[in-house]
Each structure stands twice: as C-alpha cells, then as structure tokens.
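Colleague: Could you take me slowly through one part of this model, the place where the two chains meet? I would like a careful, connected account.

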Amino acid sequence: MRKIAAGGLFLFLLCLSGSAIAGDYHVNGYLICSDCHTMHYSQRHSYSGDPTQVVYDPTGPFPKLLKADVNYLCLACHDGSGFAPDVFGSNTTSYVRQAGGLNDPTHDTGYGTYKGHTLSATDTAPGGTWNNPNGLTCIDCHAPHGITEQFRNLWTSDDSSDKFHNKHLTYMLDGQNDLTKDVFIVGTGFGLESRYGAKSVKFNEPDPQKSAYASWCGSCHENFHGSGGDASMGGAHGGDSGSTPWLRHPVADVNIGQNLGSKSDQPMGGGGGGEDKSSLTVYQSHTNRVQVMSQSGDWTNGTDVTPSCFSCHKAHGNKNSFGLIFMRGTGTVTEEGDAGTTGAMVDLCRQCHVQ
Amino acid sequence: MNKLLLVIGILALVVFTAGASLAGDYHSGEFLICSDCHTMHYSRSHDMSGATGTEFTELGTGGPFHYLLKADPNDLCLMCHDGGTDEPDVLGAHANGYDRSAGALNEVGGVDTYQDWMGHTLGSTATAPGGTFANVDGLNCLNCHHQHGYAGSGTTDMAGNPVTSLYRNLKYYNDGTGNKGISYTIDVNDTPADLTKDVRERYGPGSTLSDHYSQDNIDLLEPAPTKSGIAGWCKNCHTSFHGATGGAEVGGTGSPPEEWLRHPQAEANIGALGGGHSNKGSRGLGGKLYRVRFMSPTGVWGTQGTAWGDTGAPADLTPTCLSCHKGHGNGRAFGLICATGTAPIGEDGDTDQAKPLCKQCHTQG
C-alpha cells in the first residue's frame with residue numbers, strides 16, 4: 001500500500017488554497033524541498049509537528065537524500081491520496097484522467113504491463129533505443145524540480161546531447177488560451193478534474209506541420225514521430241497525395257480529411273481509391289471524439305484538426321492494450337473510451353477512418 | 001523564578017569584565033564554583049558572605065538530591081539560565097536583546113511558543129533521531145554539557161589540535177580514535193581567527209553576553225577540510241546523521257564528493273559541483289545578503305548585508321549541523337534556521353518556511 005509522505009498535508013492545503021497548480025506544482029514557488037527530500041533519513045514529524053504525516057520507505061537511506069526510491073516516493077502522493085493527481089492504476093477520484101493510469105509488474109489491477117507505460121520496466125522504448133536499465137521511473141519523463149512553462153513538468157533540456165533537447169511543450173491555464181502554446185487547460189479553479197481531467201485539456205497546433213507533443217514522445221519513441229516526408233514517417237507535407245504513402249501513422253502535418261476530393265475524405269463505407277484515408281465528416285459525426293490538435297482553437301467545427309499521440313493513447317496508460325482509447329462515438333466516456341474494455345481497436349480507428 | 005546566586009553573579013560579572021577566558025568555559029577551571037550547584041546539607045540560609053537573598057538560598061523542592069545538588073539538574077541549571085540577564089538564557093524566549101547562537105531549548109509540552117518538536121526538549125525520553133541514545137529519566141543539560149567543564153591533557157579536537165578548554169563545556173565525543181573535544185578561540189575585537197580551532201568567538205575578554213553568545217559573533221572554522229568537530233560531536237547521539245564521506249551514514253562518492261545519502265556536514269564545499277548541486281554564484285549563496293553560518297578554513301565569511309555576487313564567494317565554505325539547525329532549537333520545526341538571505345537572520349531566520357534555507361545554497365525552484 002502506498003503511503004502518504006511528509007508534506008502530503010502541505011500539498012493538500014496548497015491544492016485547496018488555490019495558486020497556479022497544474023503540472024506546475026513541483027516548480028518555482030511550489031517546489032517544496034521537503035516534499036521529497038529528507039536531510040538525515042530520520043523524520044518523526046512534519047514541519048508543523050504532526051507525527052502522523054511522516055512515512056518512509058524503510059529500506060533507505062536513498063541517494064540524493066530522497067525519502068524513498070523515486071517511484072515509491074512519487075506514488076506516496078500520486079497513488080490514492082485523494083489530494084494529488086492519482087497516476088497509478090485506477091483513479092480514486094471520479095473524473096476521467098487526461099493521462100490515464102500507469103502500471104507496474106507487481107500491481108496488476110486491470111492495468112497490465114502491456115497497457116501503457118510500466119514503472120520499473122527495463123524494456124527498450126518501442127520505436128527507439130532508450131531504456132532505463134534500473135527500471136522506468138517517473139523522473140524519466142517528469143523533471144523533479146519542474147521546468148517553468150513546461151506542461152506537466154515534462155522534461156526539456158538546453159543540452160544538445162540530451163534526448164529531451166529543446167522539447168518544449170508549453171501550455172496555458174485557467175481558460176485563457178494562447179494559440180502559440182501547445183496545450184490549453186480549459187478548466188478553471190483548482191480541483192483535480194479542472195486541472196487533470198480529460199475534458200479540461202485541449203491541444204493547440206502552433207505549427208501546422210509539427211506537433212510539440214509528438215516530438216516530446218519521440219524523445220524515446222523516436223521512429224513514431226515526425227513530419228510528413230520524414231524517413232520514419234513516409235507521407236508528405238499535408239498528407240498522402242497518393243504517391244508517398246505513410247509508413248507510420250501520422251502524428252502531425254496532416255489534417256483529418258485533408259486533400260478533400262482526392263483520397264483523404266471519404267464517407268463511411270465509401271469505395272474507390274480513398275478507403276484508407278481519414279474523413280473529417282466521420283470524425284465530426286461522433287458525439288464523443290478523441291482529442292486532436294487545432295490550429296484555430298476550434299475543436300468542435302474546425303477543419304484544421306490533426307491527430308497526434310494523445311488522440312489514440314493515454315500517456316500513462318489505461319486498461320486497454322497500448323493504452324488505446326476505444327472511442328465509438330456515443331455512450332459514457334471512460335479512460336478506456338466510450339467502448340471501454342469491451343471495445344476494440346476498430347472503434348478507435350473509425351473515429352476518422354471509413355472502412 | 002529561580003535566580004542566580006548573587007555571589008556567583010558578581011564573580012561572573014567581574015570575570016567577564018576582567019577579561020579572563022570566558023565563554024562556555026564558565027563552570028570550568030577557576031570558574032568552576034562548587035557552591036553554584038552543590039549544597040552540602042540541603043540547607044542554605046545564607047551564602048558564603050552571609051547574604052540571605054532567595055537567589056542564594058533557594059533549593060529545589062523534593063530534595064535532598066543526588067550528588068549533593070541543589071536541585072534536579074534541569075531545574076538547577078535553569079535557576080540561572082532561564083530568565084536571567086547576567087547569564088545566557090537558554091530556555092524558550094529571552095529578553096537579553098540579542099539573537100542567541102544556540103537558540104532556545106524547549107520542554108515536554110512546549111514552553112512559550114517553543115514547541116517540543118522545535119529542537120532539543122528537556123525532559124524528553126525519546127530516542128535521539130538517527131541514534132540509539134535516550135535518557136530514560138528525560139533529557140537534561142548534563143547529557144550534552146560537562147558540568148565541571150574539564151578539558152583533560154592530551155585531548156585534541158577533530159583536526160588533532162590540542163584542546164585546553166571545551167567549547168561551551170560540551171562533553172567529549174569519541175570519533176573512534178579516542179576522546180575529542182570541540183576547540184575554540186576567543187579573539188579580541190575581531191582579530192584574525194586562529195584557524196586551528198573549531199569555533200571562534202569574535203569579541204573576547206571584557207565583553208557582554210551578546211559578544212559571547214550572539215550568533216553574529218560566533219564563527220565556525222574548519223581546521224580539517226574533511227571533518228567537522230561540530231558534526232563529530234553531534235554524532236555522539238545522532239549517530240547516523242554524520243560520518244566520513246563514502247561511509248554508510250552519509251554516503252558520497254568521488255572528488256568532489258556527490259551522491260550523498262544524507263546531507264553532508266563536512267567535506268562538501270559549497271559550489272564545488274555544478275548542475276543540481278550547491279551553487280556559490282549569484283543564483284545560490286553568492287546572491288544572498290545574509291547567510292547562515294558555514295565552516296571556513298581561512299576565516300573568510302564575508303560581511304552580512306553584503307552579497308558576494310557571482311564570483312566573490314569563497315570556494316572553501318562547508319555546511320555543517322549549525323548551518324541549518326540551532327544547537328538548542330528555536331521557534332521552527334527541527335530548530336531550523338529559515339533564512340531567505342534577504343533580511344537579517346534572527347534566531348528563527350526570517351521566515352516560517354524551510355525551503356529558503358535550502359536555497360541558501362541550492363537553486364532549484
């Protein structure tokens with residue numbers, strides 16, 4: 001059972017008190033050293049004297065003066081606490097999480113190790129070469145000390161040798177969109193759902209040929225991402241004109257239904273040469289839609305919407321293989337999509353495709 | 001309120017003003033006055049000169065006491081060291097007009113605004129964090145301070161330099177090679193420090209309580225670059241908090257060492273490593289107008305109120321226990337000195353948050 005570490009109450013109070021918190025906790029003024037570090041691996045009470053707020057992984061002391069091993073430490077607050085986003089397995093609060101749930105080999109509660117990102121996995125990242133020989137940890141993706149203006153404190157680096165070199169993923173908060181930013185958190189206030197719920201997160205498309213989000217994922221999953229025409233992706237800028245078919249599913253540089261009248265916009269069941277192409281008509285016909293990028297910020301009626309990684313996958317994972325979102329288009333939306341765990345991959349494909 | 005025996009007070013005052021070596025070494029040598037603490041028959045109706053004030057005749061209730069003491073140890077010590085103006089006031093708040101170097105002890109259940117989780121707690125039977133020591137009868141002053149202030153011949157400090165008087169009469173500690181003491185020097189009017197000592201008092205003989213016990217006038221030296229006499233002493237009880245670099249207690253590898261398991265209290269010069277480690281430039285220590293205390297092997301601590309800037313900070317400053325904690329405690333959790341670096345540092349620092357203390361040296365956040 002994961003336990004609440006020292007600082008948990010403080011974090012809880014901060015969440016309630018209402019300053020800028022949403023991926024930008026653990027950064028700047030909300031980077032609280034004592035949330036994670038202990039100077040002497042011996043703490044009997046909190047900074048307010050409360051002895052019930054102190055729990056350690058008993059197998060320390062740990063490098064970098066951490067209170068516990070990285071994953072254990074993060075999950076002390078981020079698994080079942082109720083006051084911080086629950087990122088592991090099922091959600092103890094009732095909203096549909098944008099990122100879904102992580103899994104690990106020892107805690108399979110429906111979130112198997114083939115259903116998204118797996119803590120402690122030593123596997124090489126699909127499509128890439130990177131792995132953590134000591135096991136995947138939260139801080140392989142998230143900067144523990146935060147990065148100003150970086151969505152969810154996801155890593156970026158000025159170091160050209162770093163796999164996250166210039167992987168900026170900017171965002172705006174509290175319903176104030178800026179189309180030059182990559183992510184827009186629509187939700188206002190400081191509730192967890194407002195900040196971390198799937199309905200509260202939208203994706204801009206500052207550069208119509210690129211996806212900062214996909215580029216970020218490509219830090220590890222290198223071959224999965226790129227612009228049209230890249231060797232790993234195939235296709236062409238603006239989509240497949242017929243002579244340069246995609247080699248991998250695009251994550252940028254092609255709008256749903258682009259090349260209308262040629263091969264990219266076909267009605268459901270349409271025949272001819274465009275059967276493998278997407279249809280904006282089909283996409284917009286669904287009540288429940290997967291998330292897409294929009295250059296104009298119109299995710300409802302926009303004709304400039306582009307799929308990216310998050311359209312199909314939960315970043316952390318869910319109860320479906322590959323963390324896929326089986327979204328048929330109607331019904332109650334869950335983290336697995338409105339088709340849930342009984343759905344199929346085709347439900348997801350048919351969000352845009354016509355076959 | 002119990003008070004000091006006048007004769008002793010007068011004697012102490014005379015000694016202070018006369019200029020003998022005083023500061024922590026009262027209750028030592030010629031200034032060890034038996035009748036300060038002992039009574040032969042648990043019955044005093046007057047002092048050695050016939051004076052009958054209660055400050056001379058007061059005895060603890062419930063006696064007679066072991067060792068012919070006038071009272072239980074804590075009560076006895078606090079007769080003079082709580083609420084007095086001629087001696088350091090060490091319990092709870094004080095009104096002597098200076099920021100105490102050691103801060104304030106507290107008692108079980110708290111005293112004044114000093115809660116029993118804000119430093120050392122008189123009467124506590126808890127086991128020392130990081131160690132095994134506990135006083136089943138309750139922590140008392142004599143667990144740390146040598147009541148007779150003795151510095152035996154042949155005793156050295158951590159660096160191997162002879163110790164002729166123990167700083168604050170703190171007890172010996174054993175570093176595995178025998179008894180050690182914390183050495184100190186009392187300078188005259190801020191003259192250059194004796195760099196072979198562990199501690200330096202800036203203003204020597206003929207001075208006030210503030211000169212001897214104010215945090216502004218106590219400096220930490222570093223006679224051995226890989227050791228800390230203060231930390232070695234604290235290790236007596238807080239065993240696992242301190243140790244040699246690379247050891248099981250604190251970890252640390254390489255040169256300069258990094259990958260600590262517990263926060264270093266010796267051998268880690270501020271800013272020796274880049275990246276996410278400590279920083280002595282403007283973003284870190286060099287940017288602070290007011291700094292907590294660090295050990296210096298060269299006696300250069302800068303001037304409080306003046307920032308070093310990006311390049312001015314010495315490269316040999318090392319944090320130790322007293323950089324972050326008050327020896328006795330204060331009004332903050334763990335006796336931490338919560339200092340932002342932007343305002344003069346009081347006994348508690350200048351804020352109620354711990355993070356600014358980290359940011360004295362670290363830059364994250």
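Modeller: What follows is a close look at the contact between chain A and chain B, with a short word on cavities at the end. The model is a predicted one, and everything below should be read in that light.

The contact draws 22 residues from chain A and 23 residues from chain B, and the area buried between the two chains comes to about 2000 Å², with carbon and sulfur atoms giving 64% of it. Within the share that chain A buries against chain B, A:H40, A:R44 and A:Y47 supply 30%, which is more than any other three residues.

As for polar and charged links, the rule finds one salt bridge across the interface of chain A and chain B; A:K64 forms a salt bridge with B:E259, and their closest N and O atoms lie 2.9 Å apart. Across the interface there are also nine residue pairs in polar contact, counting those in which both residues have pLDDT 80 or more. On the side of chain A that touches chain B, the residues divide into ten nonpolar, ten polar and two charged.

Turning to cavities, a search of the whole structure finds two of 30 Å³ or more, and the second largest has a volume of about 40 Å³. The lining of this second largest cavity includes A:L169, A:D182, A:M293 and A:F310, while β3 (201-204) and α5 (212-217) of chain A each supply at least two of its residues. By class, that lining divides into seven nonpolar residues, two polar and one charged.

Definitions and conventions:
Residues are numbered from 1 along each chain as its sequence is written. Chains are lettered from A and ligands numbered from 1 in the order in which they are written. This is a predicted model: local features need pLDDT of at least 70, side-chain atom pairs count only at pLDDT 80 or more; totals for chains, interfaces and linings use all residues. Side-chain values use heavy atoms; hydrogens and water are left out. Contact means heavy atoms within 4.5 Å. Buried area is the accessible area (1.4 Å probe) that two parts lose on being put together, summed over both. A salt bridge is a side-chain nitrogen of Lys or Arg within 4 Å of a carboxyl oxygen of Asp or Glu. A polar contact is a pair of N or O atoms within 3.5 Å; within protein, one must be able to donate a hydrogen and the other to accept it, and residues adjacent in sequence count only if both atoms are side-chain atoms. Ala, Val, Leu, Ile, Met, Phe, Trp, Tyr, Cys and Pro count as nonpolar, Asp, Glu, Lys and Arg as charged, and the others, Gly among them, as polar. On a 1 Å grid over the protein atoms alone, a cavity is a set of points where a 1.4 Å probe fits but cannot get out, and a pocket is an open set with protein on both sides within 12 Å along at least five of seven lines; lining residues have an atom within 4 Å of a point. Grid points are joined across faces, edges and corners, and a volume is the space filled by probe spheres set on the points. Helices (H or I, at least four residues) and strands (E, at least two) are DSSP runs, numbered from the N terminus.
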